[in-house]
Amino acid sequence: MYFGHPCRSLLRLDIVPHETPAEHVLAMYSSLSRAWGPQHWWPARTRFEVIVGAYLTQNTNWTNVELALKKLRSARVLSIAGIRKIPIRRLEKLIRSSGYFRQKARRLKLFVAFLDRKYGGSLERMFAQPTAKLRDELLGLEGVGPETADSILLYAGQHPIFVVDTYTRRISERHELFPAKSNYEEVRAFYEHGLSVEMNIVPAPQSSGPASHLPSPMSLVAREPLARVFNEMHGLLVGVGKKYCLKAKPRCDECPLKLLLPAHVPVT
Ligand code: SF4
């Protein structure tokens with residue numbers, strides 16, 4: 001059951017009343033986008049760098065990933081050819097900061113082997129595949145779960161697919177947007193449905209917010225409108241999750257989404 005309180009939204013949003021969970025999602029996007037502007041996710045120079053980052057970010061924080069990426073770049077192996085040719089022990093050493101480095105090194109090698117085998121080493125050919133087909137293929141690779149597959153599809157391939165992470169789930173559950181035990185696919189479908197409307201939201205011109213990045217070649221790539229909205233919403237929710245919607249104690253009182261909290265949930 002959805003307990004959203006339209007009166008709270010009237011204070012901040014022009015998308016009113018938002019009486020359904022889908023409207024609530026739209027109101028969240030509108031509120032955050034107008035407050036924080038473009039988030040410039042994913043910070044990367046190339047599509048392959050996004051893919052490597054998507055593997056490395058599993059079970060660690062982005063600072064550790066950045067360090068590993070920097071080392072790969074300095075060693076001039078942050079490319080398909082580079083990962084293909086580098087001895088695995090050396091690769092492990094370079095990505096050590098990201099944790100689970102042996103497993104991750106092997107999986108990066110496996111990705112390049114898959115790319116070579118199926119698409120002649122061409123990301124362009126790989127990303128030209130229909131979204132569902134390519135998603136299935138990626139999910140068949142060792143170490144690629146739905147979040148990693150969807151990050152690769154959305155941020156490296158510009159496929160319109162929403163990425164569900166821990167922050168998305170936590171924020172949505174606290175706002176009672178769907179039942180707590182909803183699986184990944186249900187949450188993804190929920191967000192894709194909520195954001196798949198024609199919208200006339202003008203984001204803040206300047207980037208701000210806890211998860212915003214400087215513009216990068218990949219964040220500035222041209223995207224179709226749906227992919228752009230999914231991209232921005234994920235970055236915005238990461239910002240909320242990092243600074244306000246903390247696991248142990250949410251900081252609702254300072255959070256830009258506090259006016260959208262269900263009426264019976266106390267503002268902490
Ligand atoms: S911190 Fe509070 S208001 Fe902000 S997203 Fe989390 S539950 Fe909602």
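**Figure 1. The surroundings of histidine 234 in the predicted model.** Let us start with a side chain that has plenty of company. Setting aside the neighbours within four places in sequence, histidine 234 is in contact with Trp41, Tyr155, Phe162, Val163, Asp165 and Thr168. Histidine 234 itself belongs to helix α13, which covers residues 225-243. With a relative accessibility of 4%, histidine 234 counts as buried, because the cut-off for that class is under 20%.

**Figure 2. A cis peptide bond between two tryptophans.** Zoom in on the link from tryptophan 41 to tryptophan 42: this peptide bond is cis, and its omega is near 0°. Tryptophan 42 sits in the loop that runs between α2 (21-36) and α3 (47-56). You have already met Trp41 in the previous view, as one of the contacts of histidine 234.

**Figure 3. Where domain 1 and domain 2 meet.** The domain assignment builds domain 1 from the segments 6-40, 166-213 and 238-260, while domain 2 is residues 47-156. Taken over C-alpha atoms, the centres of the two domains are 29 Å apart. At the boundary, four residues of domain 1 are in contact with five residues of domain 2. Interface size is often expressed as the accessible area lost when the parts come together. Here, the two domains bury about 360 Å² between them, and 46% of that is on carbon and sulfur atoms.

**Figure 4. Salt bridges and polar contacts across the domain boundary.** Two salt bridges are counted between domain 1 and domain 2. For a close look at a side-chain pairing, pick aspartate 150 and arginine 188, which meet in a salt bridge with an N to O distance of 4.0 Å. Three residue pairs are in polar contact between the domains, both partners being at pLDDT 80 or more. Sorted by class, the side of domain 1 that touches domain 2 offers one nonpolar, one polar and two charged residues.

**Figure 5. Arginine 76, a loop residue with positive phi.** Have a look at the backbone here: phi of arginine 76 is near 60°, a positive value in a residue that is not glycine. The loop that holds arginine 76 connects α4 (62-74) and α5 (80-85). Arginine 76 counts as exposed, given its relative accessibility of 72%.

**Figure 6. Glutamate 176, a non-glycine residue with positive phi.** The phi of glutamate 176 is about 55°. Its loop lies between α11 (166-174) and α12 (184-195). The relative accessible area of glutamate 176 is 23%, so this residue is partly exposed.

Definitions and conventions
Residues numbered from 1 in each chain as written. Predicted model: local features only at pLDDT ≥ 70, side-chain atom pairs only at ≥ 80, totals over all residues. Heavy atoms only, no water. Domains from an automatic or database assignment. Contact = heavy atoms within 4.5 Å. Buried area = accessible area lost by both parts, 1.4 Å probe. Polar contact = N/O pair within 3.5 Å; in protein donor to acceptor, adjacent residues only side chain to side chain. Nonpolar A, V, L, I, M, F, W, Y, C, P; charged D, E, K, R; others polar. Helix = DSSP H or I, 4+ residues; strand = E, 2+ residues; numbered from the N terminus. Buried < 20%, exposed > 50% of the residue type's maximum accessible area, 1.4 Å probe, protein only.
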